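Subject: Structure handover

Hi,

Here is the structure I promised, with my notes below. Please open it alongside this email.

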Amino acid sequence: MFVIKHRKIFYGISIAMVAISLFAIFNWGIKFGIDFAGGSILEVEYTETKTQKEIVIDDINSLGLEKEFSVRETGEAGYIIRSTTLTDTEKNQIISAIGEQNPVEEIRFNTVGPTLGKELVSKGITAFMVIVISIILFVAYTFREVSKPVSSWKYGFVSILAFVHDVLVPVGLFAFLGQFYGIEVDTLFIVAILVVLGYSINDTIVVFDRIRDNLKKVKESERKDKFEKVVGKSLKQVYARSINTSITTLIALVAIFIWGGESTKWFSLALITGVIAGTYSSIFFASPMLVTLSKMKPSAKKVEKVEESEENK
Amino acid sequence: MEKIRLTALFLLVLGALTGYFIYSSEISPESNFKFKLGLDLDGGTHLTYRADTSDIDPIEVPEAMTALRDTIERRINIFGVSEPIVQVETGGIFSDDENDNRLIVELPGVTDVTEAIRQIGQTPTLEFRLEDETSTSSVNFLALQATSSEEIAEQIRNQYESTGLTGAQLDRSRLVFDQMTGSPTIALDFNSEGREMFAGITKNNIGKSMGIFLDGILISDPVIQSEIPNGQAVITGVFSPEEARELVRNLNLGALPVPIELIETQTIGPSLGAETLEKGIEALLIGFAIIFVFLVSLYRLKGLVASVALAIYLIIMLALFKLIPVTLTSSGLAGFILSIGMAVDANILIFERIKEELKKGVGKYDAVKEGTAKAWTSIRDGNITSIISAVVLYWLSGTSVVQGFALVFGIGVLVSMFTAVVVTKVILLALTNKK
């Protein structure tokens, strides 16, 4: 199989993607929104004529609120004002100040206390850990019958490598978007990452399931196919499915991105990159990786011996 | 064979009927099964309060929180918001802070929050007032208590005169069952200051009724039967245990004020909500249409069957949203659209397996049966990981944005397994001749 034969090239692509993402993350960092950092967001829309951005900023400055704030244009006649935490009174002051020249309407106003943000981070991390651990246990459990020639724990291990890859790519993209387009990361982004995690593993499992199936057949027919060949054959059988499924999922996601509301736009973009990375890694990274692992002689032999001695008992 | 065809027909008719239910319940004005829209789609205000329960005995915290919720609910009802949501939320299983108790207040349709915040933010007040015989107007209490307008509450309050006795002089109240009759009564324990005041009031006003007001609203008006010198009063009457318990909660709230602090506000204007909803539906329809074209061009008849199964999937989901009911939010809508992609996945897995069976030279009918059976393990294993993610997300995050997504996504994965494995298979079998 082509993919297995040239696996080093595909590893190279994966490593490059991960390296670029890591560079983006460490170099630019992630721009956290008020969901994490605390603060206020006020979105307003001018109902008749739009006031210039500079004047809006001056109007707010003239209030002397001693808040850090930034103003961004949105839609045709709207502004999004981000700032450190505003009270309700301060918000009303801003609205009347910027509404003096032209009538303005409040579209939404969110305030998040700083403690809530910290809590979200710790909850996100906990959720991530719990999901990862439950999935590894689950994968190791469902693949327990196929311990030869690669131990079932290695399937779990490879699925983790694959999803670290799949998760880093969208995170890297958002580090880039944050740096150059001011896109902030919100609660939904965390959800997107956790969904990518589930999707990535789902995709990897489908391929592994085929390998499991084919290994069983080989065992039953008492042939002596090389593991490499079995993986190659399995990949050939599933890649049509993997790509077709990803395309349908991507269609749904692109529809959300283009036609959906503003609040889910970046959410869908994170998912789109995650799904593409997930599809790539399940075919071009995870399965070849199993072959590479099976070739690492010492550990493979050891595992085999352990398995055998257990069977002999 | 006939049986399979009948089952397929049955599924289709059932799908059509459910579709009709969704449609008719949405256009009929008095239906109880309308879609419930979250604040982000409907417009409104979301407030999160932290309750400072550090001064309260941990055992009494849940009780105090319930009382706090009832009070705030009552305050909100005064200014007439339709279907407000007031709920208590604890910090979650992994919260570091035991005293972290929150109150979530959702006010659909309210975008001017200043007044709402002011009214909610008051510390509850409990007052004991005396019936004022000189009061001229006579109002029918029973008729009035049912309404909740601020003015009527004020009128009633004016028929009682202040005694100076408030929740500050009440130690606590308890629910006690009368030893003779077994009926529920409410015991009040006043502190030393309250004891003297209460003794004085009861001594001079036997036969009059005492109005107990929480936040200006009459919650009970017992008649003073005798002088009570020891500060331990009992309110008897025809209460159900439920009513009595609620009254005790209310009385204790006045006695144990829980300070609250506003930590998060979210206001979504009605136009933004409507726009988000409109865009969400548009994305859903366009996504579905493109997937339909994609499936039919790739798998022909089978693709058409998969699209029918997908339509049935959508109908089941929409019906579940109405029946459970699930409050739809923009993140929930995104989860729903994403789950369409996942639902198709199972179908594609089955179709690819059927193709392989056909290549082996198996008959069409058997190929469908075998293909579905063989695809099952990967459908099951793949979906279990998605369900794990959904459950963990729902369970760990106290955030409604995440929960809205996780709930819809989780239900979606479960239902899609059913539609792919059962509906697609049955229809395909019904269309194939057994040879």
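In β12(B), which residue is the bridge partner of Leu47(B)? It is Thr265(B). Before going further, please note that this is a predicted model.

**Strand β12 of chain B**

Start with this strand, since several notes meet here. β2(B) and β12(B) run antiparallel and are joined by eight bridges. Strand β2 covers residues 44-52 of chain B. Eight of its nine residues are buried, which leaves the strand mostly covered.

β12(B) also pairs across the chains. Strand β4 of chain A, residues 104-112, runs antiparallel to β12(B). Five bridges hold that pairing. Thr265(B) turns up again here: Thr111(A) stands opposite Thr265(B). So much for β12(B).

**The contact between chains A and B**

The contact takes 56 residues from chain A and 58 residues from chain B. On the chain B side, six elements each supply at least two residues: α4 (113-121), β12 (260-268), α9, α11 (330-359), α12 (364-396) and α13 (400-431). Which of them gives the most? That is α11(B), with 14 residues. By class, the side of chain B that touches chain A has 28 nonpolar residues, 21 polar ones and nine charged ones.

**Helix α12 of chain B**

This helix is worth a look on its own. α12(B) has 33 residues. From its first C-alpha to its last it reaches 47 Å, close to the 48 Å expected at 1.5 Å a residue. The helix also has a kink of about 35°. Trp376(B) is at the centre of that kink.

**Chain B overall**

The secondary structure of chain B comes to 13 helices and 13 strands. The chain has 435 residues, and 45% of them are buried. Take the contacts in chain B with a separation of 6 or more: 76% of them join residues 24 or more positions apart.

**Two open sheets in chain B**

The four-stranded sheet has the order β6-β5-β9-β10 in chain B. It is open, and its pairing is antiparallel. Why do β6 and β10 of chain B each have one side without a neighbour in the sheet? They stand at the edges, each with a single partner strand, so one side of each is left free of a neighbour. Neighbouring strands of this sheet are turned by 40° against each other on average, direction ignored.

Inside this sheet, β5 (residues 126-131) and β9 (residues 210-214) of chain B pair in the antiparallel sense over five bridges. Leu126(B) has Leu214(B) as its bridge partner in β9(B). Helix α7 of chain B, residues 192-204, lies across β5 and β6 of chain B. α7 runs at about 155° to β6(B).

The three-stranded sheet is also open, in the order β7-β8-β11 of chain B. Its pairing is antiparallel. β7 (170-177) and β11 (232-235) of chain B are the edge strands, each with a single partner, so each has one side without a neighbour in the sheet. Here the average turn between neighbouring strands is 25°, direction ignored.

Strand β8 of chain B, residues 184-190, pairs with β11(B) in the antiparallel sense over four bridges. Asp189(B) has Gln232(B) as its bridge partner in β11(B).

**Backbone points to check by eye**

Two spots in chain B deserve a click.

- Pro325(B): the peptide bond from Ile324(B) to Pro325(B) is cis, with omega near -20°. Pro325(B) is in the loop between α10 (301-323) and β13 (327-328) of chain B.
- Arg300(B): phi is near 55°, a positive value in a residue other than glycine. Arg300(B) is in the loop between α9 (270-299) and α10 of chain B. Is Arg300(B) buried or exposed? It counts as exposed, because it has 10 C-beta neighbours inside 10 Å.

**One note on chain A**

Phe2(A) is found in helix α1 of chain A, residues 2-5. Phe2(A) has 10 C-beta neighbours inside 10 Å, so it counts as exposed. Phe2(A) and Thr249(A) are 247 residues apart in sequence. In space they are 26 Å apart, C-alpha to C-alpha.

Best wishes

Terms used. Residues are numbered from 1 along each chain as its sequence is written. Chains are lettered from A and ligands numbered from 1 in the order in which they are written. This is a predicted model: local features need pLDDT of at least 70, side-chain atom pairs count only at pLDDT 80 or more; totals for chains, interfaces and linings use all residues. A residue is buried if 20 or more other C-beta atoms lie within 10 Å of its own, exposed if 12 or fewer, and partly exposed in between; C-beta atoms are placed from the backbone. Two residues are in contact if their C-beta atoms, placed from the backbone, lie within 7 Å. Ala, Val, Leu, Ile, Met, Phe, Trp, Tyr, Cys and Pro count as nonpolar, Asp, Glu, Lys and Arg as charged, and the others, Gly among them, as polar. Two strands pair if DSSP finds at least two bridges between them. The expected span of a helix is 1.5 Å times one less than its number of residues. The bend at a residue is the angle between axes fitted to the seven residues ending there and the seven starting there. Axes are lines fitted to C-alpha atoms, for helices over the stretch in contact, and angles run from 0 to 180 degrees between N-to-C directions.
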